[in-house]
Amino acid sequence: MDIYQLAIRPLLFNLVKTDSEWLHQQTIRTFSWLSQTPASWANQRLQKSLCLYDSRLEQNLFGLNFPNPVGLAAGFDKDGVAAGIWSNLGFGFAELGTVTFHAQPGNPRPRLFRLPLDKAALNRMGFNNLGAAAMAARLTHEKQELTQSIPIGINLGKSKVTPLEAAAQDYLDSFRLLKDLGDYFVVNVSSPNTPGLRSLQDASMLSAILDLLQQENTAHKPLFVKIAPDLSWEAIADIITLAKTYQLAGIIATNTTISRDGLKTQVIDQTGKSPQEEAGGISGEPLRDRSTEVIRFIWQQTQGQIPIIGVGGIFSPEDAWEKITAGASLIQVYTGWIYEGPLMVRRILAGLLVLLEQNGLNSINEAVGLQTKIPKF
């Protein structure tokens with residue numbers, strides 16, 4: 001029986017109508033406390049209830065070992081305050097951030113809204129975080145205290161106060177502080193909530209950022225770029241070319257969407273306005289099909305030679321399977337986890353094992369790109 005879905009979620013979403021950001025802060029505070037006490041009884045119970053280990057789910061990608069393909073997407077643990085807890089919640093990896101070089105408060109509140117009719121969220125957080133130096137100090141301390149059992153990624157964004165023409169240096173400044181503390185790094189140029197940020201997806205702008213980062217990246221840490229779902233196929237093809245040129249580890253597809261097509265929600269309770277009138281990116285179920293299309297396009301364009309981390313609208317084993325068989329080696333969840341609760345990761349992993357068996361496959365790696373592979377006769 002899933003207590004979260006039966007009792008806790010209805011209470012939080014409907015009866016209490018808790019402010020989404022306040023609830024998120026309380027959750028992170030709890031996880032932060034748990035992560036500081038790794039040997040506690042509570043953590044042991046979490047592992048027993050939420051983790052599922054099976055060698056068929058393991059992969060070794062870009063020099064890192066992933067115990068399973070389901071990761072926590074960036075945005076949940078912006079400052080890395082709960083880095084030590086994510087493996088106990090069943091995740092195969094976790095991505096911290098988005099972090100910027102300069103600490104910043106983000107956009108005015110309210111800025112995070114649930115859209116339950118659409119199984120979605122609308123956010124315009126604006127990269128609120130304590131800055132790269134604060135994250136570096138915290139992770140340095142944690143590294144001395146804890147042994148990470150899963151890969152930890154760090155998602156880098158541009159500081160709002162930094163002009164677009166100085167963006168490359170801004171990303172570089174963050175990377176210099178954090179490069180020894182993350183297992184992989186992500187260049188986030190696709191959030192819709194920092195003015196002008198998406199223009200950095202343009203080939204010439206992105207090239208300048210990647211060039212500086214890879215010059216600094218003497219340890220050859222895996223470097224990804226995270227792209228928007230709203231890009232044209234031509235623009236995505238340009239980014240694929242850059243990924244090859246700068247020897248990126250892969251592409252994360254996709255960030256939130258600015259599209260409002262097909263939403264059932266007419267009015268957002270907190271503001272009294274429609275989603276169409278509110279700025280911000282949509283995540284969750286409305287993003288699912290488009291993000292899968294983008295994954296499939298990248299896989300086909302690269303013949304599966306560039307690893308893809310798929311994110312957007314994953315709620316069930318079937319959603320995860322669709323992303324993986326479209327070409328994603330790894331997947332990430334955020335909005336689905338909020339709606340489905342902490343048991344979701346284990347349910348997805350158990351479901352993936354069933355789907356592997358049904359398709360006569362021995363490992364999750366064999367399922368990657370299965371939809372798009374040409375059958376051999």
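**Exercise 1.** In this predicted model, state where Asn 193 is placed and decide whether Asn 193 is buried or exposed.

*Solution.* Start with the place in the chain: Asn 193 sits in the loop between strand S8 (184–188) and helix H6 (203–216). Next, take the relative accessible area of Asn 193, which is 9%. Buried means under 20%, so Asn 193 is buried. Finally, list the contacts, leaving out residues up to four places away in sequence: Asn 193 touches Asn 107, Asn 123, Arg 124, Met 125, Gly 126, Gly 280 and Gly 281.

**Exercise 2.** Determine which strands pair with S13, and in which sense.

*Solution.* Strand S13 covers residues 330–333. Strand S3 (residues 70–72) runs parallel to S13 and is joined to S13 by three bridges; Leu 72 stands opposite Val 333 there. Strand S12 (residues 308–311) also pairs with S13 in the parallel sense, over three bridges, and Ile 309 has Leu 330 as its bridge partner. Now look at the side chains of S13. Leu 330 and Gln 332 point one way, Ile 331 and Val 333 point the other way, and all are buried.

**Exercise 3.** Classify Lys 119 and Gln 247 by phi and by exposure.

*Solution.* Most residues other than glycine have a negative phi. Lys 119 has a phi near 50 degrees, a positive value, and lies in the loop between S5 and strand S6 (120–123). With a relative accessibility of 27%, Lys 119 is partly exposed. Gln 247, also not a glycine, has a positive phi of about 50 degrees. The loop between helix H7 (233–245) and S10 holds Gln 247. Exposed means over 50%, so Gln 247, at 68%, is exposed.

**Exercise 4.** Locate the cis peptide bonds that lead into Pro 110 and Thr 254.

*Solution.* Most peptide bonds are trans. The bond from Arg 109 to Pro 110 is cis, with omega near -5 degrees; Pro 110 lies in the loop between strand S4 (93–99) and strand S5 (112–115). The bond from Ala 253 to Thr 254 is cis as well, with omega near 15 degrees. Thr 254 belongs to the loop between strand S10 (250–253) and strand S11 (281–284).

**Exercise 5.** Check whether the radius of gyration of the protein chain agrees with that of a compact globule.

*Solution.* For 377 residues, a compact globule would have a radius of gyration near 21 Å. The protein chain has 19 Å, which agrees. Buried residues make up 58% of the chain.

Terms used:
Residues numbered from 1 in each chain as written. Predicted model: local features only at pLDDT ≥ 70, side-chain atom pairs only at ≥ 80, totals over all residues. Heavy atoms only, no water. Rg over C-alpha atoms; globule rule 2.2 N^0.38 Å. Buried < 20%, exposed > 50% of the residue type's maximum accessible area, 1.4 Å probe, protein only. Helix = DSSP H or I, 4+ residues; strand = E, 2+ residues; numbered from the N terminus. Pairing = 2+ DSSP bridges. Contact = heavy atoms within 4.5 Å.
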